[in-house]
Amino acid sequence: MDHPSSPLMPLLPPHGRRQRIGIFGGSFNPAHAAHRLVSLTALRRLRLDAVWWLVTPGNPLKDKRDLPSTTTRVVAARHIAAHPRIHVIAIEERLGSSYTYDLIAYLKRRSSTARFVWIMGADNLAGFHHWARWQEIAAAVPIAVIDRPGSTHHALRAPAALALNSFRVPESKAAVLATRTAPALMVLHGPRSNLSSTALRQRH
């Protein structure tokens with residue numbers, strides 16, 4: 001059994017009925033200030049109660065050979081997050097899956113009254129059509145796409161964005177996205193950062 005302080009303890013952060021929770025998944029290799037900026041934008045614009053950073057054991061679409069351990073990335077991410085409403089957890093390793101659809105299905109089973117919103121950067125939307133069962137992900141939770149320098153315009157012409165175009169929700173309704181029935185796709189603009197995990201790794 002995991003010790004209660006273990007970063008990999010598969011318990012969810014404390015939350016109440018009908019709370020609005022943003023799910024921000026990724027490798028966080030490494031976590032950086034832009035991840036925090038995205039989360040703060042989502043908290044404010046979407047009127048969220050919390051944002052959960054879900055640190056994945058590894059992106060199925062990327063090479064995982066040089067990926068630091070999940071525990072190492074969770075500890076580093078908690079240092080970067082440094083906010084009472086941003087919670088860093090790792091449950092996918094315990095689920096035995098790195099697929100977003102399985103994660104969302106688990107969260108909805110465990111917290112059926114919570115209102116989840118999937119948060120992704122525009123660079124992820126550009127490749128969303130490559131994700132396993134992406135149509136089912138879009139049908140399960142509203143999606144908030146955060147504007148990223150050099151990515152948003154291209155992302156909105158990508159296959160998944162075009163397929164979901166009829167489900168676009170205007171940014172003026174950001175405060176109620178969490179209450180919308182999926183599919184629902186919104187692009188949020190706000191303060192932007194050029195930081196990326198890839199660029200930070202290449203510096204070392």
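1. A residue is called buried here when its relative accessible area is under 20%, exposed when over 50% and partly exposed in between (1.4 Å probe, protein chains only). With that in hand, buried residues make up 46% of the 204 residues in the chain. Please keep in mind that this is a predicted model, in which local features need pLDDT of at least 70, side-chain atom pairs count only at pLDDT 80 or more, and totals for chains, interfaces and linings use all residues. Numbering runs from 1 along each chain as its sequence is written, and side-chain values use heavy atoms, with hydrogens and water left out.

2. On the overall layout, the chain has nine helices and six strands, taken as DSSP runs (H or I, at least four residues, for helices; E, at least two, for strands) and numbered from the N terminus. Taking contact as heavy atoms within 4.5 Å, residues 24 or more positions apart account for 75% of the contacts with a separation of 6 or more. The accessible surface, from the Shrake-Rupley method with a 1.4 Å probe, comes to about 10300 Å², and 52% of it belongs to carbon and sulfur atoms.

3. Helix 2 is a nice one to look at. The twelve residues of this helix (residues 70–81) should span 16 Å at 1.5 Å a residue, and its end C-alpha atoms are indeed 16 Å apart; the expected span is 1.5 Å times one less than the number of residues. Just after the helix comes Ala82, with a positive phi near 40°.

4. Which residues of helix 2 are buried? They are Thr70, Arg73, Val74, Ala77 and Ala81. Seen down the axis, these buried residues fall within an arc of 100°, so they line one face of the helix; the arc is that of the directions from the helix axis to the C-beta atoms. The buried residues of helix 2 pack against helix 1 (33–45), strand 2 (50–55), strand 3 (86–89) and helix 3 (92–95).

5. Now the aromatics: a search of the whole structure finds seven pairs. Rings of Phe, Tyr and Trp (its six-membered ring) pair if their centres lie within 6.5 Å; planes under 30 degrees apart count as stacked, over 60 as edge-to-face and the rest as tilted. Phe24 and Phe28 have ring centres 5.7 Å apart and planes at 80°, so this pair is edge-to-face.

6. Phe28 also pairs with Trp53, this time stacked, at 5.0 Å centre to centre and 15° between the planes. Because Phe28 lies in the loop between strand 1 (20–26) and helix 1, and Trp53 in strand 2, the pair ties together parts 25 residues apart in sequence. Both Phe28 and Trp53 are buried.
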